Amino acid sequence: MDEKVFRALVAAGAVRRVRIIADGARFHVEADTASGTLVAATGKGKPKTWSTLDASARWVRGFGIGSAQLDVSRWAPGQRALAL
C-alpha cells in the first residue's frame, strides 16, 4: 500500500490499527483493515522503511493517526543492513 492508498484508507475510516514494526535496525509500518494487514510501500512497491523510530512515527502522525502499537521484539539497533 503506497502513501496515496494509506491516506485514502485513513480518510475513509478503514484503518483499525497501525503498528510500527522494528526488524533489524529498520522500521516499517503495518495497518490492519477489515480485509487484512497491509504494509506501507514505496511508489515502486517495495516496503517503505525508516532508520529511526521517530521518523516512522512522524510519517504515521502525518496522517492524523494519534495511536500506534510498537513491536520491538526483532529490533537490533547495532545491526547493519545487507547490501543486496
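**Two acidic residues on one strand**

The side chains of E30 and H28 are joined by a polar contact of 3.2 Å; a polar contact is a pair of N or O atoms within 3.5 Å, where within protein one must be able to donate a hydrogen and the other to accept it, and residues adjacent in sequence count only if both atoms are side-chain atoms. The model is predicted, with local features needing pLDDT of at least 70 and side-chain atom pairs counting only at pLDDT 80 or more, while totals for chains, interfaces and linings use all residues. Residues are numbered from 1 along each chain as its sequence is written, and side-chain values use heavy atoms, with hydrogens and water left out.

E30 belongs to strand β2, residues 26–33. Helices (H or I, at least four residues) and strands (E, at least two) are DSSP runs, numbered from the N terminus. A second polar contact of E30, at 2.6 Å, is with the side chain of R19. E30 counts as buried because its relative accessibility is 15%; buried means under 20% relative accessible area, exposed over 50%, and partly exposed in between, with a 1.4 Å probe and protein chains only. Leaving out residues up to four places away in sequence, E30 touches R17, V18, R19, I21, T37, L38 and V39, where contact means heavy atoms within 4.5 Å.

D32 is also in strand β2. With a relative accessible area of 12%, D32 is buried. The side chain of D32 has polar contacts with the side chains of R17, at 2.7 Å, and T37, at 2.8 Å. Beyond four places in sequence, the residues in contact with D32 are A14, V15, R16, R17, R19 and T37.

The protein as a whole has two helices and five strands, in the order α-β-β-β-β-α-β from the N terminus. Of its 84 residues, 31% count as buried. Among contacts between residues at least 6 apart in sequence, 51% join residues at least 24 apart.

The C-alpha trace spans about 40 × 25 × 20 Å along its principal axes. The radius of gyration of the protein is 13 Å, which agrees with the value near 12 Å for a compact globule of 84 residues; the radius is taken over C-alpha atoms, and the globule rule is 2.2 Å times the number of residues to the power 0.38. About 5,600 Å² is exposed, and carbon and sulfur atoms supply 53% of it.

How values were computed
Areas by Shrake-Rupley, 256 points an atom, 1.4 Å probe, with all protein chains shown as cover.
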